[in-house]
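Let's take a walk through this model together, from pairs of charged side chains to a helix and an enclosed space. Keep the 3D view open as you read.

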Amino acid sequence: VALAILRVVFGAAALDAAVAALGAAALVLFVGLGLGVGDAARRLFPADDRLVEAVPAGVSLGGLLGGGRLDEATLARLAALPGVEAAWPRQALQVPVAAPEPPRGLEGAWAPGMTVQIPVVGIDPGLVAADLRPGLPFADPGEGGAIPVVLSRRLLEIYDKTIAPTWGAPGLPRGFDPVGLELPLRVGLSIVPGRSEARVLDVRVRLVALSDRVPLYAMAVPLATVRRLHAACGRPDHGYGQVTLLCARPDDAPA
């Protein structure tokens with residue numbers, strides 16, 4: 001009887017051990033896959049693990065819970081949080097911007113008669129300070145000056161490998177450095193009929209840097225430039241659309 005019981009217990013224990021080993025192997029496999037996917041995602045979408053993005057709530061209860069507006073007072077409260085080293089506000093330009101022609105020297109990469117609508121976002125210069133080259137400031141030049149812009153570093157790769165082949169346009173030359181290129185723009189011009197502003201401004205922009213800290217889909221200009229263009233076109237100030245917080249240490253980000 002004792003031997004029979006031992007045989008039964010040993011079989012059950014062996015089965016439990018096999019199941020536990022299988023579960024541990026599956027856990028290791030999925031953790032490994034997760035780490036691999038995370039590593040690949042970090043290579044495809046570079047990010048600073050000390051950055052935290054603060055955005056207004058989609059639904060705000062107004063003054064009941066402090067509101068959903070990112071204004072100067074909210075910016076000051078965010079900047080004062082423990083572990084926050086810097087707070088950089090961001091504001092989207094509410095006026096349409098269009099490019100009716102290509103930068104000089106890139107005419108072959110521009111479809112004839114094409115006008116491109118360009119989203120524009122204003123950022124605090126501190127956000128991209130580390131990406132700027134000496135002698136190329138990122139500040140509002142005032143009316144008549146070339147507006148400095150920063151583009152996403154991944155945009156060149158996407159154009160070269162996706163957009164250019166789709167359009168049948170030539171790719172970028174090997175070793176191509178776009179910094180310094182200028183482009184004429186029309187602020188207030190929309191490609192959608194009836195959506196242009198009453199006043200359309202002709203401006204020039206100059207690319208001063210490429211950065212992983214600006215949106216892939218938009219052209220980044222100084223925040224002061226967005227405010228100036230809003231005032232020129234009679235647009236009200238609706239506050240910031242986003243605030244990027246730089247934490248002192250990666251461990252401060254979750255808190």
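E182 is partly exposed, with a relative accessible area of 28%; here buried means under 20% relative accessible area, exposed means over 50%, and partly exposed is what lies in between, using a 1.4 Å probe and protein chains only. Its side chain meets that of R204 in a salt bridge, at 2.7 Å from N to O. Because R204 sits in strand 8 and E182 in strand 7, the pair ties together parts that are 22 residues apart in sequence. R204 is likewise partly exposed, at 37% relative accessible area. A salt bridge, for our purposes, is a side-chain nitrogen of Lys or Arg within 4 Å of a carboxyl oxygen of Asp or Glu. Helices (H or I, at least four residues) and strands (E, at least two) are DSSP runs, numbered from the N terminus.

A word on the ground rules: this is a predicted model, in which local features need pLDDT of at least 70 and side-chain atom pairs count only at pLDDT 80 or more, while totals for chains, interfaces and linings use all residues. Residues are numbered from 1 along each chain as its sequence is written, and side-chain values use heavy atoms, with hydrogens and water left out.

How many salt bridges does a search of the whole structure find? The search finds 13. One of them joins the side chains of D140 and R228, at 2.9 Å from N to O. D140 belongs to the loop between strand 5 and strand 6 and R228 to helix 4, so this pair ties together parts that are 88 residues apart in sequence. D140 is partly exposed at 26% relative accessibility, and R228 is partly exposed at 24%. R249 also forms a salt bridge, with D252, the closest N and O atoms being 3.0 Å apart. Here R249 is partly exposed at 43%, whereas D252 counts as buried at 17%. Elsewhere, D131, R153 and D212 are linked in a network of salt bridges.

Now follow R228 into its helix. Helix 4 spans residues 223-232, and its buried residues are L223, T225, V226, L229 and H230. They cover an arc of only 160° around the axis, so they lie on the same side of helix 4; the arc is that of the directions from the helix axis to the C-beta atoms. What covers these buried residues includes strand 2, strand 5 (120-123), strand 6 (147-152), strand 7, strand 8 and strand 9, where contact means heavy atoms within 4.5 Å. After helix 4 comes G234, whose phi is positive, near 70°.

L229 of helix 4 also helps line the largest cavity, together with L93, V97, V120, I147, L185, V187, V203, V205, M219 and V221. A cavity is a set of points on a 1 Å grid over the protein atoms alone where a 1.4 Å probe fits but cannot get out, and lining residues have an atom within 4 Å of a point. Strand 7 (182-187), strand 8 (201-211) and strand 9 (219-222) each supply at least two residues of this lining. By class, the lining has 11 nonpolar, no polar and no charged residues; Ala, Val, Leu, Ile, Met, Phe, Trp, Tyr, Cys and Pro count as nonpolar, Asp, Glu, Lys and Arg as charged, and the others, Gly among them, as polar.

Notes. 1 Å grid on protein atoms, 1.4 Å probe; cavity = no way out; pocket = protein on both sides within 12 Å on 5 of 7 lines; lining within 4 Å.
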